[in-house]
Every structure is written in C-alpha cells, then in structure tokens.
Amino acid sequence: MPPGFEQLKKNVIQKGLCTGCGTCVGLCPQKALEVVYMDGEPEPKLSGKCIPCGLCSEVCAGASIPLADMDQWLFGRKGGFKNHPLGIYRKCLRGYSTNSKIRASSSSGGATSAILNYALEKGVIEAAIVASADPQRPWRCVPFLATSTEELKKASRFTAEMVGVNSLLRETVVEKGFKKIAIVGMPCHIHSLRKIQMAKRPGEIARAIKLTLGLFCASTYYFEGIKHLLSEFAGIDQLQEVVSLDYKGGAWPGSLTAATKDGKIHHVATKHEYTWHFLGPGSKRDRCLMCPDFSARVADIATGDIFQKVSSDPNINAILVRTKTGEEVVKQAVKAGFLSVENHPPEFVPKSGLGWESKEHANIHRMKFRKRFGWPLPDYQYPVEMCHLPGKLVFP
Ligand SMILES: Cc1cc2nc3c(=O)[nH]c(=O)nc-3n(C[C@H](O)[C@H](O)[C@H](O)COP(=O)(O)OP(=O)(O)OC[C@H]3O[C@@H](n4cnc5c(N)ncnc54)[C@H](O)[C@@H]3O)c2cc1C
C-alpha cells in the first residue's frame with residue numbers, strides 16, 4: 001500500500017523536518033489535510049480521512065530534496081554546493097521595478113512584483129500565489145491568491161515568518177480552474193514545486209506551474225521571537241491590538257513597525273537589529289538551520305537584496321535568472337517596460353549580508369555534526385561540502 005499521512009508524520013513532521021511549505025495540504029486529493037499552527041508555526045494536520053495514495057510523501061521536500069536530479073531535469077547538468085555557490089544560472093543581474101511606487105514600497109527593488117505584474121498583464125500567468133497579511137489576524141501572513149495587479153498590491157513585501165503558500169495549489173488549479181500560475185516562495189517552497197513537476201503528479205497541477213519566483217533566504221523565523229520583540233521593544237503584549245505589521249517600514253532596509261488599534265505606529269527594531277541581533281541568533285526556525293539553499297537554486301528566477309552600494313537608490317534587487325522560462329520572462333518584462341536590469345557581478349551575491357554565509361557555510365558545517373550524531377537530517381542529494389569564498393562580507 002502507498003504511504004499515507006501517518007508515514008509523512010512519522011518520517012518528516014515528528015523528526016522536525018517539515019518546512020511548513022504547505023505542499024501536502026495543497027495537493028491532498030481527499031482534502032483531508034489542513035495547515036494548523038502548533039506553538040505559532042504552520043504544520044500539516046490530518047482533519048479528514050486519509051486514503052493512502054503516497055502523494056504527500058512523494059512531493060514533500062522536508063526529508064528528501066533531490067537537488068542533483070532537479071538540476072539535471074532543469075538545466076541538463078549537475079551542480080553542487082562546493083563548486084556552485086549560487087547554483088546554476090544563466091544571468092546574474094540587478095534591477096528594479098520601473099514603477100517608482102512599487103519600487104519604493106517593495107521589499108528590495110520590486111523586481112518580484114514587476115515580473116508578476118508583467119506576467120499577469122500579458123497573460124503569461126492567470127494567477128499568482130503569494131503571501132499577504134491575514135485579514136482576521138493582521139499580525140500574521142497567510143497564502144494569498146492574486147489574479148490582478150490590484151490584488152498583487154496586497155502581497156506582503158516581506159514577512160519574516162514561514163507561510164505555507166503551496167497549500168493553495170489545489171484550490172487555485174483544480175477548484176478555481178487557473179491553468180497558468182506563478183508562485184513566490186522561499187527556496188523550500190520551490191523544492192516541492194519541482195518535485196511535483198518532475199513526478200508530473202498531480203498532472204493538472206504540475207502543468208499549471210508556469211513560473212517559480214524564489215526569494216534568497218537566510219532563514220525564516222519563529223513567530224514566538226517576533227511576538228517577543230513586539231512585547232519587549234514596543235510594549236505590545238496583546239497581538240489583538242495590532243492592525244498591521246511592516247517588517248520593512250521606512251527607508252530601505254527598513255524597520256519592523258506595528259500599527260495598533262489606538263492609531264499609534266510603534267517602531268520595534270530596525271531590520272538590521274531584528275535580523276542580526278535578535279531573531280537571527282535566537283529565533284531561526286530549526287528546519288531552516290538544516291537548509292543549505294540560500295539563493296533558491298531551482299527557481300526560474302531568484303531575487304534578493306544587495307547590501308553593497310551599487311546605485312544611488314538602495315531599493316534594488318539581485319536577480320539570478322536560472323531557466324529558459326525565467327530568461328524569457330525577464331527579457332519580455334524589460335521590453336514591456338516593467339523592469340529595468342543591468343549586469344551584476346555574481347561574486348557580490350554571496351558577500352551581500354549574512355544570508356549566504358549562514359545557509360551555505362554555517363548550515364553546511366552544522367549538517368556535518370548532525371550527520372555525525374545521527375540526528376534527523378534532510379538529504380539534499382549533493383554532498384554537503386562548503387565552498388570557501390575569499391573576500392569580505394558587506395553588511396547594510
Ligand atoms: C524570510 C526572508 C528572508 C530573506 N533573507 C534574505 C537574505 O538573507 N538576503 C537577501 O539578499 N535576500 C533575502 N530575502 C529576500 C529579500 O528580502 C526580498 O524578499 C527579495 O529581494 C524580493 O524583493 P522584491 O522587492 O523583488 O519583492 P517585492 O516586489 O516586494 O515582492 C515580495 C514578494 O515576496 C513574497 N513574500 C514576502 N515574504 C514572504 C514569505 N515569508 N514567504 C513567502 N513569500 C513571501 C510576497 O508575497 C511578494 O510576492 C529574504 C526574504 C524573506 C521573506
């Protein structure tokens with residue numbers, strides 16, 4: 001009999017290897033799974049009847065992430081951590097949305113929004129799955145389906161928490177009938193999407209995934225840590241008082257700010273403070289500490305920040321164009337006037353901030369210990385060997 005949810009629970013969830021990406025929930029043909037929050041973190045739970053079909057285990061990228069097979073499937077060749085510090089890519093660019101409002105209100109330079117806007121307006125996709133503030137609990141983010149540029153504006157520019165965006169796959173494709181979709185996600189979301197595409201299972205969903213936009217990722221963070229910051233630095237002890245959270249409020253790279261029901265805007269901590277001094281050391285999700293993928297190695301297009309001074313406006317993205325699909329979309333988005341790009345030296349990317357360092361150096365080192373002690377460890381198929389980079393890191 002194929003494995004059911006009980007096996008996924010035993011092999012992945014109870015071993016601490018679930019990323020919270022939501023793929024199993026988003027694919028279950030019985031709609032028997034839901035995302036619940038356990039101690040504040042998203043986790044799949046059986047809420048209906050499991051008729052074991054093997055799908056949830058097959059597409060899960062919690063314990064098994066065949067990056068070498070993915071590289072072969074996507075690029076026709078293998079990569080690896082040691083010799084490919086940024087994964088395989090066609091172009092390394094920097095760029096920004098040509099819409100000055102989007103650029104100013106985006107996480108980095110608005111390239112992600114610009115690409116989605118282009119793809120939606122020109123019919124490359126019919127819908128995009130993104131993350132957005134939860135209307136019921138506006139201090140948290142949830143998966144959100146955007147079908148217009150107006151709706152895309154509701155996407156969060158940045159949220160530090162893990163959002164199970166892949167949980168919307170079935171609803172988007174099977175129930176709502178969208179046949180051409182894009183998904184924005186962290187490297188771990190994209191791993192599962194590639195597993196779906198490689199297995200061609202479920203076929204309808206595999207075929208509908210037209211564009212994957214990966215975000216560079218140092219880590220996502222336990223919401224408990226964010227809650228602590230709100231209380232410690234802004235005196236907000238009741239989350240119900242919060243009407244909106246902005247992790248990048250003010251000038252780039254911004255600050256965590258909270259608006260409360262009494263009309264006050266609270267400064268909680270600068271991006272630099274909360275990332276490197278508070279959430280970074282204390283509240284990185286444990287599963288993120290076992291991930292060596294910083295630059296969304298198997299996304300069509302991966303976007304990140306640039307901490308080196310490369311332009312007078314710091315709202316700018318690093319953009320790794322990886323696949324032929326990604327290259328065509330970027331080319332057309334530039335041609336249609338949505339996006340502006342120029343070449344970016346690839347060696348700038350791993351040295352920008354501490355993201356690459358924490359994922360592809362520190363985590364790889366940590367994974368060796370986990371292996372030695374026999375602790376649960378995801379298998380990324382490539383040997384976990386680090387690539388040593390010469391030169392200095394640049395901080396914001
Ligand atoms: C948790 C986290 C850690 C990051 N770490 C680094 C890093 O160390 N170094 C680096 O260079 N870049 C990092 N990035 C990427 C960077 O902050 C920007 O997200 C990226 O450059 C895209 O910027 P943009 O202006 O193009 O995005 P925008 O045009 O503003 O669009 C942002 C898109 O990201 C989606 N989004 C935001 N937060 C999440 C989330 N948590 N889960 C899923 N989707 C989300 C939104 O729904 C939206 O579609 C990180 C991003 C996140 C979310």
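A crossing of two helices is called left-handed if the near helix is turned anticlockwise from the far one by less than a right angle, and right-handed if it is turned clockwise. I start there since one crossing comes up shortly. The model in front of you is a predicted one.

Take the pair of helices α11 and α12. Helix α11 covers residues 223-234 and helix α12 covers residues 271-283. Their axes come within 9 Å and cross at roughly 135 degrees. Angles over 145 degrees would count as roughly antiparallel, and 65 to 115 as roughly perpendicular; α11 and α12 are therefore oblique to each other. By the definition I opened with, the crossing of α11 and α12 is right-handed.

Which residues meet there? From α11 they are Glu224, Gly225, Ile226 and Leu229. On the side of α12 they are Tyr274, Phe278, Leu279, Gly282 and Ser283. The residues of this contact divide into 5 nonpolar, 3 polar and 1 charged.

Next, the sheet that these helices lie across. It is an open sheet of 3 strands in the order β8-β9-β10, and the pairing is antiparallel. Why is one side of β8 and of β10 left without a neighbour in the sheet? Strands β8 (242-249) and β10 (265-270) stand at the edges, and each has a single partner strand, so one side of each has no neighbour there. On average, neighbouring strands of this sheet are turned by 20 degrees against each other, with direction ignored.

In general, the strands of a sheet pair through backbone hydrogen bonds, in either a parallel or an antiparallel way. Here β8 and β9 (residues 255-260) run antiparallel and are joined by 5 bridges. Leu245, for instance, has Ala258 in β9 as its bridge partner.

Back to the helices, now against the strands. Helix α11 lies across β9 and β10, and runs at about 110 degrees to β10. Helix α12 lies across β8, β9 and β10, and runs at about 50 degrees to β10.

The last topic is the ligand. How many residues are around the ligand, and which come nearest? There are 33, and Thr112, Ser113, Ala218, Gly304 and Gly355 come nearest. Four elements each supply at least two residues of this shell: α6 (111-121), β4 (127-133), β6 (181-185) and β11 (301-304). Helix α6 gives the most, with 3 residues. By type, the residues of the shell divide into 14 nonpolar, 17 polar and 2 charged.

That is the end of my part.

Key:
Residues numbered from 1 in each chain as written. Predicted model: local features only at pLDDT ≥ 70, side-chain atom pairs only at ≥ 80, totals over all residues. Near = placed C-beta within 6 Å. Nonpolar A, V, L, I, M, F, W, Y, C, P; charged D, E, K, R; others polar. Axes fitted to C-alpha atoms, helices over the stretch in contact; angles between N-to-C directions. Parallel < 35°, antiparallel > 145°, perpendicular 65-115°, else oblique. Contact = placed C-beta atoms within 7 Å. Pairing = 2+ DSSP bridges.
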